[in-house]
Amino acid sequence: MTNAVIDTILSRSAAKYYDPTATLSDDQIRNLVQIGTTAPTSFHLQNWRFIAVRTGDAKARLRPIAWDQPAITDAAVTFIVVGQLVDTSVIPNRLAPLVEAGVMPESMVPEWEIPARNLYMSYPQRRRDEAIRTATFGAAAIIYAARSLGWGSTPMIGFDFDAVAREFGLAEDEVPVMLLSVGPERAGNWKQKPRRPIEEVLDLV
């Protein structure tokens, strides 16, 4: 069982070493995020945001509050992957393009908004869980897109969450889920590390 997509997934590994002279254009960064936003999202909420830290000044602001990790300054870009606490009042707006495109009838919009409101809005933990889940799906799509283009990536949770939120102006309803460095690599990175045997992680029932 093999194809280009599977080969990309199976060859991915977290990069440690980046080419510090390499850059990605703003269009390349936009394309990565565009791909990221095709990832699954509950009720089409799309409750994510991506801050592309790619200038020297912005990297210098981020690195001290990200455990001084070299990838922050060496990689072409580091995304602050942001999840937004679920707010179901945005659903009509998020579904409007689907209605306009004829994908779904307008009468179906309340059929999405009402159960979503019942599922999330009285449950703060669920709202936060969904923010993290959605942002992680988006980050994963960027990781594999980057790999398919020959670039490395490094997801990181080693940072001061409060400091990142302050320094980069996150709103009260936003959660800094992870940092994700992306860029051309230099020599020395490991291949994908062996994983646990499938027999230890799979139950067929």
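The legends below describe close-up views of a predicted model.

**View 1. The open sheet and the order of its strands.**
This view is centred on an open sheet of four strands, which follow one another in the order S1-S2-S4-S3 and pair in an antiparallel way. Strand S1, made of residues 48-53, and strand S3, made of residues 152-156, stand at the edges with a single partner strand each, so one side of each is left without a neighbour in the sheet. Neighbouring strands of this sheet are turned against each other by 25° on average, when direction is ignored.

**View 2. Strand S4 and its two partners.**
Strand S2, residues 77-84, and strand S4, residues 174-183, run antiparallel and are joined by eight bridges. Along this pairing, Phe-79 has Leu-180 of S4 as its bridge partner, while Ile-80 stands opposite Leu-179 in S4. Strand S3 also runs antiparallel to S4, and five bridges join these two strands. Here the residue to look for is Met-156, whose bridge partner in S4 is Leu-179. Is strand S4 mostly covered or mostly uncovered? The strand is mostly covered, for ten of its ten residues are buried.

**View 3. Helices H2 and H7 against the sheet.**
Helix H2, residues 26-36, packs on the sheet and touches S1, S2 and S4, and the direction of H2 makes about 30° with that of S2. Helix H7, residues 124-148, lies across S1, S2, S3 and S4, and this helix runs at about 5° to S4.

**View 4. The crossing of H2 and H7.**
Two packed helices are described by the angle between their axes and the distance between the axes. For H2 and H7, the axes come within 7 Å and cross at roughly 130°. An angle over 145 degrees would be needed to count as roughly antiparallel, and the crossing angle therefore makes H2 oblique to H7. The crossing of these two helices is right-handed. On the H2 side of the contact are Leu-32, Val-33, Ile-35 and Gly-36, and these meet Gly-138, Ala-141, Ile-142, Ala-145 and Ala-146 in H7.

**View 5. The buried face of helix H5.**
Which residues of helix H5, residues 91-100, are buried? They are Ile-91, Leu-95 and Leu-98. When the helix is seen down its axis, these buried residues of H5 fall within an arc of 35°, so they line one face of the helix. On the other side of H5, by contrast, Asn-93 and Glu-100 are exposed. Helix H6, residues 109-120, is included in what covers the buried residues of H5. After H5 comes Gly-102, a residue whose phi is positive, near 80°.

**View 6. The contact between H5 and H6.**
The axes of H5 and H6 come within 10 Å, and they cross at roughly 150°. The two helices are therefore roughly antiparallel to each other, and H5 passes H6 in a right-handed crossing. The residues that meet are Ile-91, Pro-92, Leu-95 and Val-99 in H5 and Val-109, Trp-112, Glu-113 and Ala-116 in H6. Ile-91 and Leu-95 in this contact are also among the buried residues of H5.

Definitions and conventions: Residues numbered from 1 in each chain as written. Predicted model: local features only at pLDDT ≥ 70, side-chain atom pairs only at ≥ 80, totals over all residues. Heavy atoms only, no water. Buried < 20%, exposed > 50% of the residue type's maximum accessible area, 1.4 Å probe, protein only. Arc of directions from axis to C-beta. Contact = heavy atoms within 4.5 Å. Pairing = 2+ DSSP bridges. Axes fitted to C-alpha atoms, helices over the stretch in contact; angles between N-to-C directions. Parallel < 35°, antiparallel > 145°, perpendicular 65-115°, else oblique. Left-handed = near helix turned anticlockwise from the far one by under 90°.
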